[in-house]
Amino acid sequence: MSLQVQGLRAGYGRATILEDVSVEVAPGEVAAVIGSNGAGKTTLVKTIAGSLAARGGRILQDGDAIGGLPPEKRARRGVVMVPEGRRLFGNLTVEENIRLGRQAARGRDEGDDPVEPLLEAFPIVRERWTQRAGLLSGGEQQMVALTRAVAGRPRYLLLDEPSLGLSPRLTQEVFRLVRLVVETTNAGVILVEQMADQALKLATNAYVLDQGRVSASGPAEEIRRSDAVRKAYLGG
Ligand code: ATP
């Protein structure tokens with residue numbers, strides 16, 4: 001069982017952004033994807049989620065090719081993206097946003113409510129339950145976005161820079177939530193991050209994207225200790 005991306009090629013218009021990118025994550029694990037601005041990290045998760053068409057390569061969910069499916073079908077199968085900038089429905093309440101998230105799980109919504117443990121551990125989300133999502137702070141919105149994704153019973157979660165724009169303290173909180181999500185749902189998480197050090201601490205395996213190609217990959221702890229990665233992404 002795993003989400004496998006093999007030899008992926010993708011781009012926009014005449015520009016090829018990703019070339020021969022291979023990434024894999026198993027249930028219950030975090031795979032970190034790090035790399036500088038413009039390396040192609042967002043393009044990668046968009047292509048896996050299906051909002052951008054792949055131009056080559058394969059995407060396999062537990063052995064099934066999903067690369068030709070529209071994004072809603074991938075979400076229905078449990079491949080769910082949390083985009084950069086959260087994209088909540090700002091005029092809807094927190095509760096309504098999370099209810100919409102549950103729709104991705106239709107037909108697979110057996111067993112305990114996956115949202116409940118998150119609300120227990122992060123009561124701030126419940127405190128904001130009836131408020132409009134657009135009025136929440138950036139950190140709160142990120143937590144709601146993650147909770148909404150979990151409501152869809154993801155098997156594989158694609159997180160695009162969940163720490164973007166957050167203070168160090170809130171970044172810690174969001175990473176703590178990601179860890180809890182993995183523990184309680186056993187989802188496999190592809191975590192795209194510029195906060196490389198913290199992402200690598202959370203991850204099992206890691207991939208370094210450099211100008212649209214994987215320039216290094218391996219156990220996250222090894223990547224974290226490599227000189228080249230420390231120099232380029234971790235401030236020496
Ligand atoms: P960041 O951390 O800044 O979001 P990233 O690693 O996620 O960077 P991408 O957003 O995937 O990088 O962008 C990779 C390249 O693709 C960049 O050169 C960017 O300008 C280009 N690009 C991104 N989106 C589009 C688009 N919709 N149309 C054309 N080019 C795009």
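**Two sheets and a ligand shell**

Let me start with one helix. Helix α1 lies across β1, β2 and β4. Against β1, helix α1 runs at about 115°. Before I go on, a reminder: this is a predicted model.

Now the sheet under discussion. What is the strand order? It is β2-β1-β4-β5, in an open sheet of 4 strands. The pairing is antiparallel. At the edges stand β2, residues 15–25, and β5. Each of these has a single partner strand, so one side of each is left without a neighbour in the sheet.

Let's walk through the pairs. Start with β1 and β2. How many bridges join them? There are 7, in the antiparallel sense. One point to find on screen: A10 has L18 in β2 as its bridge partner. The two strands form a hairpin, with 2 residues between them. Look at G13 in that turn. Its phi is positive, about 55°.

Next, β1 and β4. Strand β1 covers residues 3–12, and strand β4 covers residues 56–61. They pair antiparallel too, over 5 bridges. Two positions help you trace the register. L3 stands opposite Q61 in β4. R9 has G56 as its bridge partner in β4.

Then β4 and β5. Strand β5 is residues 64–65. It runs antiparallel to β4, and 2 bridges join the two. L60 is bridged to A65 in β5. This is another hairpin, and 2 residues sit between β4 and β5. Which residue takes a positive phi here? D62 does, near 45°.

On to the other sheet. This one has 6 strands, and it is also open. The order reads β6-β7-β8-β3-β9-β10. Here the pairing is mixed. Which strands stand at the edges? Those are β6, residues 79–82, and β10, residues 213–219. Each has a single partner strand, so one side of each is left without a neighbour in the sheet. How far are neighbouring strands turned against each other? The average is 15°, direction ignored.

Inside this sheet, take β3 and β8. Strand β3 is residues 30–34, and strand β8 is residues 188–193. They run parallel, and 5 bridges join them. A31 stands opposite I190 in β8. Helix α7, residues 168–185, lies across β3, β7 and β8. Against β8, helix α7 runs at about 160°. Strand β7 itself is residues 156–160.

Last topic: the ligand. There are 13 residues around it. Which come nearest? Those are N37, G38, K41, T42 and T43. By class, the shell has 3 nonpolar, 7 polar and 3 charged residues. Which element gives the largest share? Helix α1, residues 41–49, with 3 residues. That is the helix I opened with, the one across β1, β2 and β4.

Now the N and O distances. A backbone N or O atom of T42 lies 2.7 Å from an oxygen atom of the ligand. For G40, a polar backbone atom is 2.9 Å from a ligand oxygen. Y12 uses its side chain. An N or O atom there is 3.5 Å from a nitrogen atom of the ligand. And how much of the ligand is covered? Taken alone, the ligand exposes 630 Å², and the protein buries 59% of that.

To wrap up. We have an antiparallel sheet of 4 strands and a mixed sheet of 6 strands. Helix α1 lies across strands of the antiparallel sheet and gives the ligand shell its largest share. That's my tour.

Terms used. Residues numbered from 1 in each chain as written. Predicted model: local features only at pLDDT ≥ 70, side-chain atom pairs only at ≥ 80, totals over all residues. Heavy atoms only, no water. Pairing = 2+ DSSP bridges. Axes fitted to C-alpha atoms, helices over the stretch in contact; angles between N-to-C directions. Contact = heavy atoms within 4.5 Å. Near = heavy atom within 4 Å. Polar contact = N/O pair within 3.5 Å; in protein donor to acceptor, adjacent residues only side chain to side chain. Areas by Shrake-Rupley, 256 points an atom, 1.4 Å probe, with all protein chains shown as cover. Nonpolar A, V, L, I, M, F, W, Y, C, P; charged D, E, K, R; others polar.
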